[in-house]
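Biologist: I should like a close look at a single part of this model, with its surroundings described in one connected account.

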Amino acid sequence: GNLSGVTYRAKMDSDWTMEFISSGCQKLTGYSDADFYSNTITWNNLMVEEDRARIWLKVEEAIAQKEYFEVEYRLTNRNGQTLWLWEKGCGVYNEHGQLLALEGFITDITDRIIAEQEQLKLLSVLDNSFNEIYIFNAESFKFEYANKSALDNIGYSIDELKDLMPTDIAP
(Lines give C-alpha, C1' and ligand atoms only; values in the text may rest on other atoms or scores of the structure.)
Protein backbone atom coordinates (compact mmCIF):
# COMPACT_ATOMS: atom_id res chain seq x y z
CA GLY A 1 0.00 0.00 0.00
CA ASN A 2 2.95 2.34 0.47
CA LEU A 3 4.24 1.85 -3.05
CA SER A 4 3.61 4.30 -5.86
CA GLY A 5 2.19 1.65 -8.13
CA VAL A 6 0.72 -1.81 -8.09
CA THR A 7 2.07 -5.14 -6.93
CA TYR A 8 0.27 -8.21 -8.17
CA ARG A 9 0.05 -11.94 -8.53
CA ALA A 10 -1.83 -12.98 -11.66
CA LYS A 11 -2.64 -16.02 -13.70
CA MET A 12 -1.06 -16.16 -17.12
CA ASP A 13 -4.38 -16.34 -18.88
CA SER A 14 -5.99 -14.15 -21.53
CA ASP A 15 -7.44 -11.83 -18.87
CA TRP A 16 -4.36 -11.66 -16.63
CA THR A 17 -6.72 -12.74 -13.82
CA MET A 18 -5.56 -11.22 -10.54
CA GLU A 19 -5.02 -13.52 -7.58
CA PHE A 20 -3.64 -10.57 -5.62
CA ILE A 21 -3.49 -6.90 -6.48
CA SER A 22 -2.38 -4.15 -4.11
CA SER A 23 -4.55 -1.21 -3.16
CA GLY A 24 -2.49 1.03 -5.49
CA CYS A 25 -4.69 -0.30 -8.29
CA GLN A 26 -7.44 2.15 -7.23
CA LYS A 27 -5.25 5.20 -7.80
CA LEU A 28 -3.82 3.86 -11.05
CA THR A 29 -6.91 2.38 -12.69
CA GLY A 30 -9.88 3.84 -10.85
CA TYR A 31 -10.99 0.32 -9.93
CA SER A 32 -10.70 -1.31 -6.51
CA ASP A 33 -8.96 -4.57 -5.80
CA ALA A 34 -12.42 -6.10 -5.24
CA ASP A 35 -13.35 -5.19 -8.84
CA PHE A 36 -10.39 -7.26 -10.04
CA TYR A 37 -11.05 -10.19 -7.68
CA SER A 38 -14.69 -10.43 -8.82
CA ASN A 39 -13.63 -10.10 -12.49
CA THR A 40 -15.86 -7.01 -12.83
CA ILE A 41 -12.84 -5.70 -14.70
CA THR A 42 -9.74 -7.50 -15.94
CA TRP A 43 -6.28 -6.13 -16.60
CA ASN A 44 -6.58 -7.21 -20.22
CA ASN A 45 -9.75 -5.10 -20.62
CA LEU A 46 -7.86 -2.03 -19.48
CA MET A 47 -4.83 -2.55 -21.73
CA VAL A 48 -4.91 -0.65 -25.02
CA GLU A 49 -5.85 -3.26 -27.61
CA GLU A 50 -2.89 -2.54 -29.91
CA ASP A 51 -0.46 -3.38 -27.07
CA ARG A 52 -2.00 -6.68 -25.93
CA ALA A 53 -0.40 -9.14 -28.37
CA ARG A 54 3.04 -7.53 -28.05
CA ILE A 55 2.94 -7.72 -24.25
CA TRP A 56 1.67 -11.30 -24.27
CA LEU A 57 4.58 -12.36 -26.51
CA LYS A 58 7.22 -10.60 -24.39
CA VAL A 59 5.90 -12.18 -21.18
CA GLU A 60 5.57 -15.58 -22.85
CA GLU A 61 9.20 -15.41 -24.10
CA ALA A 62 10.50 -14.46 -20.64
CA ILE A 63 8.51 -17.24 -18.97
CA ALA A 64 9.82 -19.80 -21.48
CA GLN A 65 13.37 -18.76 -20.50
CA LYS A 66 12.44 -18.48 -16.80
CA GLU A 67 13.63 -14.86 -16.86
CA TYR A 68 12.22 -11.57 -15.64
CA PHE A 69 10.15 -9.56 -18.08
CA GLU A 70 10.10 -5.81 -18.39
CA VAL A 71 7.47 -4.11 -20.57
CA GLU A 72 5.97 -0.71 -21.30
CA TYR A 73 2.41 -0.41 -22.51
CA ARG A 74 -0.70 1.72 -22.40
CA LEU A 75 -3.75 1.29 -20.19
CA THR A 76 -7.04 3.16 -20.22
CA ASN A 77 -8.26 3.90 -16.71
CA ARG A 78 -11.86 4.20 -15.47
CA ASN A 79 -11.94 7.92 -16.40
CA GLY A 80 -10.95 7.16 -20.00
CA GLN A 81 -7.43 8.55 -19.54
CA THR A 82 -4.68 6.63 -21.31
CA LEU A 83 -1.64 6.02 -19.11
CA TRP A 84 1.77 4.61 -19.97
CA LEU A 85 2.86 1.86 -17.60
CA TRP A 86 6.15 0.16 -16.86
CA GLU A 87 5.92 -3.38 -15.55
CA LYS A 88 8.55 -5.79 -14.28
CA GLY A 89 7.68 -9.28 -13.25
CA CYS A 90 8.57 -12.93 -13.24
CA GLY A 91 7.06 -16.35 -13.16
CA VAL A 92 6.43 -18.29 -9.98
CA TYR A 93 7.04 -22.00 -10.49
CA ASN A 94 6.35 -25.18 -8.56
CA GLU A 95 8.99 -27.76 -7.69
CA HIS A 96 8.51 -29.36 -11.14
CA GLY A 97 9.18 -26.09 -12.96
CA GLN A 98 5.55 -25.56 -13.94
CA LEU A 99 4.28 -21.99 -13.98
CA LEU A 100 1.92 -21.22 -11.12
CA ALA A 101 1.50 -17.45 -11.50
CA LEU A 102 3.12 -14.18 -12.47
CA GLU A 103 4.24 -11.69 -9.86
CA GLY A 104 5.40 -8.17 -10.44
CA PHE A 105 5.22 -4.44 -10.04
CA ILE A 106 3.52 -1.86 -12.27
CA THR A 107 4.01 1.90 -12.14
CA ASP A 108 2.79 4.92 -14.10
CA ILE A 109 5.43 6.38 -16.44
CA THR A 110 3.10 8.70 -18.36
CA ASP A 111 4.97 11.87 -17.34
CA ARG A 112 8.27 10.39 -18.54
CA ILE A 113 6.80 9.30 -21.88
CA ILE A 114 5.22 12.73 -22.45
CA ALA A 115 8.55 14.43 -21.62
CA GLU A 116 10.37 12.13 -24.07
CA GLN A 117 7.80 12.89 -26.79
CA GLU A 118 8.16 16.63 -26.17
CA GLN A 119 11.95 16.31 -26.27
CA LEU A 120 11.72 14.51 -29.63
CA LYS A 121 9.50 17.30 -30.98
CA LEU A 122 11.97 19.92 -29.76
CA LEU A 123 14.93 18.06 -31.26
CA SER A 124 13.06 17.81 -34.56
CA VAL A 125 12.54 21.58 -34.57
CA LEU A 126 16.18 22.20 -33.64
CA ASP A 127 17.50 19.70 -36.20
CA ASN A 128 15.49 21.28 -38.99
CA SER A 129 16.39 24.87 -38.17
CA PHE A 130 18.49 26.79 -40.71
CA ASN A 131 20.19 28.57 -37.80
CA GLU A 132 23.20 27.02 -36.14
CA ILE A 133 22.26 25.75 -32.69
CA TYR A 134 24.71 24.47 -30.10
CA ILE A 135 24.14 23.17 -26.57
CA PHE A 136 27.03 23.10 -24.11
CA ASN A 137 27.54 21.29 -20.83
CA ALA A 138 27.35 23.93 -18.08
CA GLU A 139 30.26 22.46 -16.11
CA SER A 140 32.75 21.26 -18.73
CA PHE A 141 31.66 23.69 -21.44
CA LYS A 142 31.98 20.82 -23.94
CA PHE A 143 29.49 20.45 -26.75
CA GLU A 144 26.50 18.25 -26.00
CA TYR A 145 24.47 18.97 -29.10
CA ALA A 146 24.73 20.73 -32.43
CA ASN A 147 22.07 20.72 -35.12
CA LYS A 148 22.63 19.78 -38.77
CA SER A 149 23.20 23.39 -39.86
CA ALA A 150 25.93 23.81 -37.25
CA LEU A 151 27.63 20.51 -38.12
CA ASP A 152 27.53 21.30 -41.84
CA ASN A 153 29.12 24.70 -41.21
CA ILE A 154 31.98 23.58 -38.96
CA GLY A 155 32.63 20.23 -40.68
CA TYR A 156 32.60 18.02 -37.60
CA SER A 157 30.40 15.06 -36.73
CA ILE A 158 28.46 15.17 -33.47
CA ASP A 159 30.71 12.41 -32.07
CA GLU A 160 33.85 14.42 -32.87
CA LEU A 161 32.30 17.58 -31.48
CA LYS A 162 31.37 16.07 -28.12
CA ASP A 163 35.05 15.84 -27.16
CA LEU A 164 35.67 19.51 -27.95
CA MET A 165 35.09 22.92 -26.44
CA PRO A 166 34.24 25.98 -28.52
CA THR A 167 37.82 27.23 -28.11
CA ASP A 168 39.05 24.02 -29.81
CA ILE A 169 37.43 25.02 -33.08
CA ALA A 170 39.38 27.49 -35.20
CA PRO A 171 37.34 30.42 -36.50
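In what order do the five strands of the open sheet lie, and is the pairing parallel or antiparallel? Please continue from there to the helices that pack on the sheet and to the salt bridges.

Modeller: The model is a predicted one. Its open sheet is built from five strands in the order β2-β1-β5-β4-β3, and the pairing is antiparallel. At the edges lie β2 (18-21) and β3, each of which pairs on one side only. From one strand to the next, the twist averages 25°.

The edge strand β3 pairs with β4 in the antiparallel sense, over eight bridges. Within this pairing, Glu72 has Trp86 of β4 as its bridge partner. In general terms, it is backbone hydrogen bonds through which the strands of a sheet pair.

Two helices can be placed against these strands. Helix α4 (residues 49-64) packs on the sheet, where it touches β3, β4 and β5 (99-108). The direction of α4 makes about 160° with that of β3. Helix α5 lies across β3, β4 and β5 as well, and it runs at about 125° to β4.

The salt bridges complete the picture; the structure holds ten of them. One of these joins the side chains of Arg78 and Asp35, at 3.9 Å from N to O. Arg78 belongs to the loop between β3 (69-76) and β4 (82-93), whereas Asp35 belongs to helix α2 (residues 33-37), so this pair ties together parts that are 43 residues apart in sequence. The two partners can also be described by accessibility: Arg78 is partly exposed, with a relative accessible area of 48%, while Asp35, at 17%, counts as buried. The cut-off for buried is under 20%.

Helix α5 has a salt bridge of its own, in which the side chains of Glu118 and Lys121 meet at 3.3 Å, N to O. These residues are three apart in α5 (residues 110-127), and about one helical turn separates them. Glu118 is partly exposed at 44% relative accessible area, and Lys121, at 51%, counts as exposed.

A further salt bridge links Asp152 with Lys148, whose closest N and O atoms are 2.8 Å apart. Both residues lie in helix α6 (residues 148-154), four residues apart, about one turn of the helix. Asp152 is exposed, with a relative accessible area of 51%, and Lys148 counts as exposed at 52%. Elsewhere, Glu50, Asp51, Arg54 and Arg74 are joined into one network by salt bridges that share partners.

Key:
Residues are numbered from 1 along each chain as its sequence is written. This is a predicted model: local features need pLDDT of at least 70, side-chain atom pairs count only at pLDDT 80 or more; totals for chains, interfaces and linings use all residues. Side-chain values use heavy atoms; hydrogens and water are left out. A salt bridge is a side-chain nitrogen of Lys or Arg within 4 Å of a carboxyl oxygen of Asp or Glu. Buried means under 20% relative accessible area, exposed over 50%, partly exposed in between (1.4 Å probe, protein chains only). Two strands pair if DSSP finds at least two bridges between them. Axes are lines fitted to C-alpha atoms, for helices over the stretch in contact, and angles run from 0 to 180 degrees between N-to-C directions. Contact means heavy atoms within 4.5 Å.
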